[in-house]
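Visitor: I have a structure to read. Please walk me through the folding features, one at a time.

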Amino acid sequence: MCTEKMEADRDRAGMPVARRSFAALAGAGALAAALPARAVAGRSIKGRDVTITTADGLCDAYFVAPAEGKHPGIVMWPDTRGLRPAFRQMADRLAEDGYAVLCVNPFYRWQKAPVVDAENHWGVPELRQKLFGYLKQLTRSLVETDAAAHIAFLDAQAEVDTARGIGTSGYCMGGPMTIYTAAHRPDRVRAAASFHGGGVGTDKPDSPHLLIPGTKAGYLFAIAEDDDKESPNEKLLLKAVLQPRPQWYEVEVYPAQHGWCPPDGRVYDEAAAEKAWSRQLALFAAELKPA
C-alpha cells in the first residue's frame, strides 16, 4: 500500500516525480474536453464534468461513455493523488473499450479536484501530508455513502445499460473501495478490479476481503511485488474467500512496484499496466453480461 514511508524511501532512492507527465496529460485532457466526441479505434466517446449529490455534499467527477448506445456502468476510484488528468485519460480509454465510466473525486468533502497539479505535485511534502490526512478520514462508511450516490448516478444516465450490472475499479487506496462498493450494493455490482490495492486482505477483523462472500461480483486483484513482500499472506487470504464462489476471479502478483498502473506515476510500468488492463477487460466481459 502507498504509505508515507514508502514515498519517503523512494525520495531517498532518487526516484523522480513525474511532473512532465502531469503537464502532458493535462494538455491532452484539455484538448479532448474541447471536442464534442473523440474517435479512437473506431469508437467515438463523449465526456463531461459532472456533480453528484451525496448525503454529505457535492462530489465532482468525470463521466465518459461511448457516443452511441447503452453500456455497462463503471465506478472508477483513483489512487491517493485523486482525480486528475491521468485518470481522465484512463476513463476515456475504458469508454473506448465500451463502458460508461464515472471517475470520482474521493476527497470532495475536503477539496475539489485536482488536488495534485504541476505546482502542487507529489514531490511536495506538504501536499503528500495533506493527501494522507484525507485518506485517514475516508472510512468504509463514507465510501459506502459515496458508492450509493455514484451507482444511482450511473443508473440514471441514458448511456448506461442497467441490465448488465455495475463494475468498479480501484487503484491503491481505491482497492478496498471496490470491495466496499460491491458489498454495499450486491444487487447491482457484478465486477470489481483492484490494482495495487492497499490493505484488501489482512488479519484484522474488519479486513475488506471478509466482505467478499456476501457479494455477487467477480474480482480481479493485481498485486504489486513490493506489496506482496510486505504482506505475503494477502494473496492467500484473497484466494481462500474467492475459490469457493462461482464468479470469475484472478489474484496475481505482478513483477512491478506499487503504483505501476497510472501513466503519470514515477514507477509506471507500461508492460505490466497493459497486462493489468487486459485482465480488467476479461473480468468485465465475463461478469457484465445481460441478465
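Guide: We go from the whole chain to the cysteines, then to one helix. This is a predicted model, where local features need pLDDT of at least 70, side-chain atom pairs count only at pLDDT 80 or more, and totals for chains, interfaces and linings use all residues. Residues are numbered from 1 along each chain as its sequence is written, and side-chain values use heavy atoms, with hydrogens and water left out.

Visitor: How many helices and strands are in the protein chain?

Guide: Helices (H or I, at least four residues) and strands (E, at least two) are DSSP runs, numbered from the N terminus. The protein chain has nine helices and nine strands.

Visitor: What share of the residues count as buried?

Guide: Buried means under 20% relative accessible area (1.4 Å probe, protein chains only). Of the 291 residues in the protein chain, 52% meet that.

Visitor: How many disulfides does the rule give?

Guide: A disulfide is a pair of cysteine sulfur atoms within 2.5 Å. The count is zero. Take Cys103: its closest cysteine sulfur, in Cys59, is 9.8 Å away, too far for a bond. Cys103 is buried, at 0% relative accessible area. Cys261 is buried too, at 8%.

Visitor: How much of helix 6 is buried?

Guide: Helix 6 spans residues 174-184, and nine of its eleven residues are buried. Among them are Met177, Ile179 and Tyr180.

Visitor: What covers the buried residues of helix 6?

Guide: Look for contacts, meaning heavy atoms within 4.5 Å. The cover includes helix 5 (140-155) and strands 4 (73-77), 6 (166-171), 7 (189-195) and 8 (218-224).

Key
Buried means under 20% relative accessible area, exposed over 50%, partly exposed in between (1.4 Å probe, protein chains only).
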